[in-house]
Amino acid sequence: MMRIEVLKRLQEQSEAEADEVRQVLAQNRVTLINVMGSPGSGKTTLLEATLKRLTTDLKCAVLEGDLATLQDAERIADLGVPVAQLLTEGGCHLKPNLVHSALLRLDLSAIDCVFVENVGNLVCPANFDLGEHTRVVVLSVAEGDDKTSKYPYMFKQADAVVVSKLDLLPLCRFDPARTRREMHALNPKAAVFEISAVQETGLEAWVRWVHHAVEQCSTGLR
Ligand SMILES: Nc1nc2c(ncn2[C@@H]2O[C@H](COP(=O)(O)OP(=O)(O)OP(=O)(O)O)[C@@H](O)[C@H]2O)c(=O)[nH]1
Ligand SMILES: [Mg+2]
């Protein structure tokens, strides 16, 4: 009984913190995109490729979630994009209070869209509302096409799935049609993109989708 009480209180606290994030975003008219996926699925590489294509017409920033290092944040900073590091000190997912304090470190009046790179993990981040408008899961071809069905909680809540590393298709057993089919069954509204950051293919449709998500958010449709 006691344990249930404590868990419930923690959940309420987390929901209140996500609401605080939503307030900050609404006040500053900023869209927050939560990017999730397994370790090494290509989240930072996707962000690098996306930012290169977006920053001419959208003002972006990134929050980098990591257990212990600044490596991903440094990759983003090298592009000249504002970035705040969130160190979880071993934690396997980001929490809304961390996101809230990091947002306050950015000059939000000069920003339209913030990407959060979550800690590499296909399980825990799905359970935490960060106050984001949009959830994106990056799934690399090397992980196998069974992941949508094996980790349904992550994929069910995704607004978009980016199938990454398509250049590795000849070397891996991965059927992109299975991902589309299983995603359709889990969440028919989710968009599915197939990209290769190395070969720079498939990125235009994904970048258009990001633009659309930011437009919808700024007109209050999301
Ligand atoms: N072949 C190929 N390799 C890629 C592609 N995108 C990323 N990689 C490689 O995959 C590895 C992991 O990429 P990251 O972008 O660092 O992955 P991540 O999801 O940010 O990793 P964590 O932050 O550690 O969870 C790197 O060696 C990348 O160069 C791609 O499109 N094709
Ligand atoms: Mg990364």
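Glu200 is found in the loop between strand 7 (191-194) and helix 8 (203-218). The model is a predicted one. Glu200 has a positive phi of about 55° although it is not a glycine. Most residues other than glycine have a negative phi. How exposed is Glu200, given its C-beta neighbours inside 10 Å? Glu200 has 13 such neighbours, so it counts as partly exposed.

A second residue with a positive phi is Arg29, at about 50°, and it is not a glycine either. Arg29 sits in the loop between helix 1 (2-28) and strand 1. Arg29 counts as partly exposed because it has 14 C-beta neighbours inside 10 Å.

**Loop residues**

Two further loop residues join these in the table.

| Residue | Loop | C-beta neighbours inside 10 Å |
|---|---|---|
| Arg29 | between helix 1 and strand 1 | 14, partly exposed |
| Gly40 | between strand 1 and helix 2 | 14, partly exposed |
| Ala142 | between strand 5 and helix 5 | 16, partly exposed |
| Glu200 | between strand 7 and helix 8 | 13, partly exposed |

Gly40 and Ala142 are 102 residues apart in sequence. In space, their C-alpha atoms are 9.9 Å apart. Gly40 and Ala191 are 151 residues apart along the chain, with 21 Å between their C-alpha atoms. What does Ala142 touch, leaving aside its neighbours within four places in sequence? Ala142 is in contact with Lys165, Leu168 and Cys172.

**Strand 1 and its partners**

Now to the strands. Strand 1 covers residues 31-37. Seven of its seven residues are buried, so strand 1 is largely enclosed by the rest of the structure. A residue counts as buried if 20 or more other C-beta atoms lie within 10 Å of its own.

In a regular strand the side chains alternate between the two faces of the sheet. In strand 1, Thr31, Ile33, Val35 and Gly37 point one way. Leu32, Asn34 and Met36 point the other way. Residues of both sets are buried.

Which strands does strand 1 pair with? One partner is strand 4 (residues 113-117), which runs parallel to strand 1 and is joined to it by five bridges. Here Leu32 stands opposite Val114. Another partner is strand 5 (residues 134-140), also parallel and also joined by five bridges. On that side, Val35 stands opposite Val136.

**Strand 6 and its partners**

Strand 5 pairs with strand 6 as well, in the parallel sense and over five bridges. Val137 has Val161 as its bridge partner in strand 6. Strand 6 spans residues 160-164, and five of its five residues are buried. Both of its faces are covered. Ala160, Val162 and Ser164 lie on one side, and Val161 and Val163 on the other.

Strand 6 runs parallel to strand 7, and four bridges join them. Val161 stands opposite Val192 in strand 7.

**The nonpolar core**

The largest nonpolar core has 58 residues. Which of them touch the most other members? They are Val99, Val114, Phe115, Val116, Val137, Val161 and Val162. Some of these names have come up already. Val114 stands opposite Leu32, and Val161 is the bridge partner of Val137.

Val162 has contacts with Leu46, Val136, Val138, Phe193, Ile195 and Trp206, not counting residues up to four places away in sequence. Leu46 is a buried residue of helix 2.

**Helix 2 and ligand 1**

Helix 2 runs from residue 43 to residue 54. Helix 2 has 12 residues and reaches 16 Å from its first C-alpha to its last. That is close to the 16 Å expected at 1.5 Å a residue. Is helix 2 mostly covered or mostly open? Nine of its 12 residues are buried, and the helix is mostly covered. The buried ones are Lys43, Thr44, Thr45, Leu46, Leu47, Ala49, Thr50, Leu51 and Leu54.

Helix 2 also takes part in the shell around ligand 1, giving three residues, the largest share. Which residues come nearest to the ligand? Of the 17 around it, they are Gly42, Lys43, Thr44, Thr45 and Gly120. The shell divides into four nonpolar, nine polar and four charged residues. Lys43, Thr44 and Thr45 are also among the buried residues of helix 2.

Notes: Residues are numbered from 1 along each chain as its sequence is written. Chains are lettered from A and ligands numbered from 1 in the order in which they are written. This is a predicted model: local features need pLDDT of at least 70, side-chain atom pairs count only at pLDDT 80 or more; totals for chains, interfaces and linings use all residues. Helices (H or I, at least four residues) and strands (E, at least two) are DSSP runs, numbered from the N terminus. Two strands pair if DSSP finds at least two bridges between them. A nonpolar core is a set of buried Ala, Val, Leu, Ile, Met, Phe, Trp, Tyr and Cys residues joined through C-beta atoms within 7 Å. Two residues are in contact if their C-beta atoms, placed from the backbone, lie within 7 Å. A residue is near a molecule or strand if its C-beta atom, placed from the backbone, lies within 6 Å of it. Ala, Val, Leu, Ile, Met, Phe, Trp, Tyr, Cys and Pro count as nonpolar, Asp, Glu, Lys and Arg as charged, and the others, Gly among them, as polar. The expected span of a helix is 1.5 Å times one less than its number of residues.
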